[in-house]
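This report describes one protein chain for a reader who has its sequence and structure at hand. It begins with the interior and then turns to individual residues.

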Amino acid sequence: MDVLTGRVVVGYDGSEQSGDAVDWAAAEARRRGLPLTVLHAVDYLGMMPNAVGPSGWPAAFAEDAAKIAPAGADRARNLARGVSVAPLTEITGAAGALVQASKAAALLVVGTHGRANLPGVLLGSVAFIVTAHAHCPVVVVRGGSCRRAGPDRPVVVGFDGSPEAAAAVRYAADVAADTSAPLTVITTYRPISPWILSGADYASHPTDQARPDFEAIARMAARDTAISGLRMARQHHPGLPAAQRAIRGPAADVLSSAAEQAGLLVLGSRGHGGFAGLLLGSVGHRVIHTSPCPVVVVHGGTPQNEQHPAPDAVTQPA
């Protein structure tokens, strides 16, 4: 529908945390020159003690719900004057409404927390579900983490050589170029323990001096992968100030630490190696909820004819 197509869409439930998401979305819509939709989703059935449907919903509550999206739209207009802003209220669960909106939106923005007394409305689990299933890039803005990329705030992107990570690198390079921000490409690694080798393989290296240096092998493979991501970014934006880093440690810890001084952290929707299951399990949940800066999750891999396979890395999932 026109109120969603090609727009920045932000979820809003009236809480201050979701207000931070509206503030970030409004500034981003102005930067991109795009219209903004403020979406409030309210699940009547989920909020009724006995599910009787909207017909049993008290009129006062319905009136309050109808005011939330317009209030968020007013907040956005005050912050980003000149941006076309439209409120939208959906009678459905928040996660479903946001995922559906992502099919037409250019960008989806959500907060990580909402009103505790409104079940299913922009709670942390909703942000997690949306990042895993949306059809467009999703920005997760935690309360107090509304900083933006710029010359003094780099864009950080996690890269593991997968097609999804390649899409994340291209997105990160675009943002860095548009905001005059430097770009940092990070690959994480954790060496394979020698104990997982077969007995014969391990016995073939009877002394410590003759055995492979698993730390060095993993580090070099990660470095090669990070370099390939950096090369990809510079092919996409020649002259872009960018650097690569290969860092040992669990992916969630490494990325959150790297984001301390960043304006934006960019991740692919899933990956392999150091980012295995990143947005499907505990690692992704931790990154979304612990990053000190906004996190954008990019969906969709690189077209087959544009893939840049990375060297095989000796790593184990973080």
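## The largest cavity and its surroundings

Fifteen residues, written here as 15, line the largest cavity, and Trp24, Glu28, Arg148, Val175 and Leu264 are the ones that lie nearest its centre. Two elements each give two or more residues to this lining, namely helix H1 (16-32) and helix H6 (163-179). The largest share, four residues, is supplied by H1. By character, the lining residues divide into eight nonpolar, two polar and five charged. The volume of the largest cavity is about 100 Å³. A search of the whole structure finds three cavities of 30 Å³ or more. The model is a predicted one.

## The chain as a whole

The secondary structure of the chain consists of 10 helices and 10 strands. Of the 318 residues in the chain, 50% are buried. The accessible surface comes to about 13,700 Å², and carbon and sulfur atoms account for 53% of that surface. Contacts between residues at least 6 apart in sequence can be sorted by their separation along the chain: 81% of them join residues at least 24 apart.

## Residues in loops and in helix H4

Four residues are described in this part of the report, and the table lists the relative accessible area of each.

| Residue | Relative accessible area | Class |
|---|---|---|
| Ser180 | 52% | exposed |
| Asp160 | 8% | buried |
| Leu240 | 7% | buried |
| Ala94 | 5% | buried |

Ser180 is placed in the loop between H6 and strand S7 (183-189). Its phi angle is near 60°, which is a positive value in a residue other than glycine. Why does Ser180 count as exposed? The class begins over 50% relative accessible area, and Ser180 is therefore exposed because its relative accessibility is 52%.

Leu240 is found in another loop, the one between helix H8 (214-236) and strand S8 (242-248). Is Leu240 buried or exposed? A residue is buried when its relative accessible area is under 20%, so Leu240, at 7%, counts as buried. Leaving aside neighbours within four places in sequence, Leu240 is in contact with Ala173, Ala176, Ala177, Ala181, Leu183 and Arg234. Although Leu240 and Ser180 are 60 residues apart along the chain, their C-alpha atoms are separated by 8.6 Å.

Asp160 belongs to the loop between strand S6 (155-158) and H6. With a relative accessible area of 8%, Asp160 is buried. What does the side chain of Asp160 make with the side chain of Ser162? The two side chains make a polar contact, at 2.8 Å.

Helix H4 (residues 94-101) is mostly covered, since six of its eight residues are buried. The buried residues of H4 are Ala94, Ala95, Ala97, Leu98, Val99 and Ala101. Ala94, which lies in H4, has a relative accessible area of 5% and is buried. The C-alpha atoms of Ala94 and Val42 are separated by 6.7 Å, while the two residues are 52 residues apart along the chain.

Terms used:
Residues are numbered from 1 along each chain as its sequence is written. This is a predicted model: local features need pLDDT of at least 70, side-chain atom pairs count only at pLDDT 80 or more; totals for chains, interfaces and linings use all residues. Side-chain values use heavy atoms; hydrogens and water are left out. On a 1 Å grid over the protein atoms alone, a cavity is a set of points where a 1.4 Å probe fits but cannot get out, and a pocket is an open set with protein on both sides within 12 Å along at least five of seven lines; lining residues have an atom within 4 Å of a point. Grid points are joined across faces, edges and corners, and a volume is the space filled by probe spheres set on the points. Ala, Val, Leu, Ile, Met, Phe, Trp, Tyr, Cys and Pro count as nonpolar, Asp, Glu, Lys and Arg as charged, and the others, Gly among them, as polar. Buried means under 20% relative accessible area, exposed over 50%, partly exposed in between (1.4 Å probe, protein chains only). Contact means heavy atoms within 4.5 Å. Accessible areas come from the Shrake-Rupley method with a 1.4 Å probe; for residues, only the protein chains shown count as cover. A polar contact is a pair of N or O atoms within 3.5 Å; within protein, one must be able to donate a hydrogen and the other to accept it, and residues adjacent in sequence count only if both atoms are side-chain atoms.
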